[in-house]
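The exercises below ask you to read a model with care, beginning with how far it can be trusted and ending with single residues. Each task is followed by a solution that goes step by step.

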Amino acid sequence: MVQNSWPSLYLVPLSGHNNQMFFMILHVVCNAAWAMMARQLRTSEPVFSYVVSLAYMTSFFISLLAMQGSKFDWEWQVVLFGMINGIQLQLAMFSLYYLIEMGGMAIAFTVVRLSIVIPTVGSILIWGDAPNAVQMLGILLILISIPLIGRDVTKAGNTLGMSYSRVIMIGTIVLVGIGSLAGKSFSNMKVYSDTSEYLVLLLFGASLTGLLTWPFMAKLSFTSHKLALNPRALRCFFTDTRQGVMPIWAYVLVMGSLQYVHNLGLMEALDLVSGAILFPLIAATYLLIITLADWLIWKKRFGKHAAIGMLVAAAGIVAVNF
């Protein structure tokens, strides 16, 4: 297959810097929209984990349609790294569920974005991605900003009686970091495979892991509201409109589509931009959007460290673009 193809979704010819920015913006916007929908679902205890799992399955079917009957190259890079990335996606949902409970959406996804340290350092040490001096300063500012914004995680966890909040934080960082590093590894090491093939394996891995972990998801709750695996409970997907926006089945379809597109944008951007620059830039931009949404939509209020962190992140974004 031809490398770097974007099957039926590649609607306009793009090149150079515009190409890079397009894919980065596509990834950040779709990922942020997915996170906001996940945050909204989290307020309705029983359905969060189930919707996420079904959304991954929806994404997988979209990835198959995007292949358009093309021949699949079973290159070891696409199989190994795609499955690692996909399994990581679903496993990360367990920790994400608890992180949202600890400190809201901004805190939860701040911790997730701390994981960029792993692929960023990997890009520099393994593949020799060398940012210039100003970009290096921007990367450092971004790395400094993330823990500042997420400083209240442990405090929030202790308030909820969660003595293992640090374990959840560290586990999330390592898990998501490994997934991002797998994506970067595929981008650098592939020979014949392209993005569409990688997404099929990635989303298959996430869907399969979702099915295997399905029996445990009813236990993911701090309250007594748990979803049993029975027909009456599953009817909520068609009748539950407590979100006030759309029925649950629509969340599955929309989140599945967003999941596919934001992963597509990331993988295409990795082919065009140094990982040492791309991961910190995406992390800080995404974090600013999520923090603003948490403040405006869910009325979440942040302390001085979070405010300082957002200013530092904004400075880092400017510097890393030089």
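**Exercise 1. Confidence.** State what average pLDDT the protein has, and which stretches have a pLDDT under 50.

*Solution.* The protein averages a pLDDT (the predictor's confidence in each residue, from 0 to 100) of 76, and 74% of the residues score at least 70. The pLDDT stays under 50 over residues 1-16, a stretch for which the model has 37 contacts (heavy atoms within 4.5 Å) beyond four places in sequence. Over residues 221-233 the pLDDT is likewise below 50, and this stretch has 18 contacts in the model beyond near neighbours in sequence. The model is a predicted one, in which local features need a pLDDT of at least 70 and side-chain atom pairs count only at pLDDT 80 or more, whereas totals for chains, interfaces and linings use all residues. Residues are numbered from 1 along each chain as its sequence is written, and side-chain values use heavy atoms, with hydrogens and water left out.

**Exercise 2. Overall build.** Determine how many helices and strands the protein has, and what share of its residues counts as buried.

*Solution.* Begin with the secondary structure, where helices (H or I, at least four residues) and strands (E, at least two) are DSSP runs numbered from the N terminus. There are 13 helices and zero strands. Next, turn to burial, where buried means under 20% relative accessible area, exposed over 50%, and partly exposed in between, with a 1.4 Å probe and protein chains only. Of the 322 residues, 56% count as buried. Finally, consider the sequence range of the contacts: among those between residues at least 6 apart in sequence, 87% join residues at least 24 apart.

**Exercise 3. The core.** Identify the residues with the most contacts inside the largest nonpolar core, and the helix that gives the most to this core.

*Solution.* A nonpolar core is a set of buried Ala, Val, Leu, Ile, Met, Phe, Trp, Tyr and Cys residues joined through side-chain atoms within 4.5 Å. The largest one has 79 residues, and those with the most contacts inside it are Trp34, Phe48, Leu96, Phe109, Tyr198, Met255 and Leu278. Helix H3 (residues 76-113) gives the most to this core, with 15 residues. To see one of these residues in its surroundings, take Phe109: leaving aside neighbours within four places in sequence, Phe109 is in contact with Trp34, Ala35, Leu96, Tyr286, Leu287 and Ile290.

**Exercise 4. A nonpolar surface patch.** Find which residues make the nonpolar surface patch, and which helix gives the largest share.

*Solution.* Patches are made of residues with over 30% relative accessible area and no salt bridge, like charges being joined within 9 Å and nonpolar side chains (Val, Leu, Ile, Met, Phe, Trp, Tyr) within 5 Å. Accessible areas come from the Shrake-Rupley method with a 1.4 Å probe, and for residues only the protein chains shown count as cover. The patch, of about 610 Å², is made by Trp76, Leu80, Ile84, Ile170, Val174, Ile178 and Met189. H3 and helix H7 (165-189) are the elements that give two or more residues to the patch, and the largest share, four residues, comes from H7. Trp76 lies in helix H3 and counts as partly exposed because its relative accessibility is 47%.

**Exercise 5. The salt bridge.** Locate the two partners of the one salt bridge and say whether each is buried or partly exposed.

*Solution.* A salt bridge is a side-chain nitrogen of Lys or Arg within 4 Å of a carboxyl oxygen of Asp or Glu. The structure holds one: Asp271 pairs with Lys190, the closest N and O atoms being 3.0 Å apart. The pair links distant parts of the chain, 81 residues apart, with Asp271 in the loop between helix H11 (248-270) and helix H12 (275-296) and Lys190 in the loop between H7 and helix H8 (195-213). Asp271 is partly exposed, at 23% relative accessible area, while Lys190 is buried, at 10%.

**Exercise 6. Between distant residues.** Describe which residues Ile289 touches and where Asn19 is placed.

*Solution.* Ile289 is in helix H12 and is partly exposed, so classed because its relative accessibility is 30%. Not counting residues up to four places away in sequence, Ile289 touches Val28, Ala32 and Met36; the C-alpha atoms of Ile289 and Val28, 261 residues apart along the chain, are separated by 8.8 Å. Asn19 is placed in helix H1 (residues 16-42) and is buried, at 8% relative accessibility. The C-alpha atoms of Asn19 and Ala269, 250 residues apart along the chain, are separated by 8.2 Å.
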